[in-house]
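Reader: Hey, got a minute to walk me through this one? I'd like the quick version before I head back to the bench.

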Amino acid sequence: EHHHEKISASGQDLGGEMMFGRRVGFSGTPSDLLPEELGQCHFEECVDGKILDYMTSEAICSTRLLPSAWSVKSLLDDIIKAEPAFHVLIDSGALITGMSNYETAKYLISNG
């Protein structure tokens, strides 16, 4: 059956009082774009540098050059076969294009 109405909400709506009376959250993205009900965002001094230092530490992360003919599926296959195994993919949306989060997770589970 086709519905003629569409329900939609923005991040402002979802974080505001319209959906939930009490909200607890954290974002690593410094932004003052918060629902008005949450008030002004307070940033910890020097936190950007600390995050950058931690996220680029060779003790916890590594980098690899991709071949010029790489594809999303070849990248996911490399992730599946990696030794040591990956435990997390952080903000990989710029690389994993053309697949939804669900499709990506399903591919990793089905082929891993």
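Author: Sure, let's go through the fold, the surface and the main pocket. Keep in mind that this is a predicted model.

Reader: Okay, how many helices and strands does the chain have?

Author: Four helices and zero strands. Read from the N terminus, the order is α-α-α-α.

Reader: And what share of the residues counts as buried?

Author: 11% of the 112 residues, where buried means under 20% relative accessible area.

Reader: What about contacts between residues far along the chain?

Author: Take the contacts with a separation of 6 or more: 31% of them join residues 24 or more positions apart.

Reader: Switching to the surface: how much of it belongs to carbon and sulfur atoms?

Author: 55%, out of an accessible surface of about 10,200 Å².

Reader: Now pockets. How much space lies in the largest one?

Author: About 940 Å³. The lining of that pocket counts 24 residues, and those closest to the centre are Cys61, Ser62, Phe86, Val88 and Leu89.

Reader: Which elements give two or more residues to that lining?

Author: Helix H2 (47–55) and helix H3 (72–81). H3 gives the most, with three residues.

Reader: And by class, what is the lining of the largest pocket made of?

Author: There are 17 nonpolar residues, along with four polar and three charged ones.

Reader: How does anyone find empty space like that in the first place?

Author: You roll a probe the size of a water molecule over the atoms, and that shows where empty space is left.

Key:
Residues numbered from 1 in each chain as written. Predicted model: local features only at pLDDT ≥ 70, side-chain atom pairs only at ≥ 80, totals over all residues. Heavy atoms only, no water. Buried < 20%, exposed > 50% of the residue type's maximum accessible area, 1.4 Å probe, protein only. Contact = heavy atoms within 4.5 Å. Areas by Shrake-Rupley, 256 points an atom, 1.4 Å probe, with all protein chains shown as cover. 1 Å grid on protein atoms, 1.4 Å probe; cavity = no way out; pocket = protein on both sides within 12 Å on 5 of 7 lines; lining within 4 Å. Points joined across faces, edges and corners; volume = space filled by probe spheres on them. Nonpolar A, V, L, I, M, F, W, Y, C, P; charged D, E, K, R; others polar.
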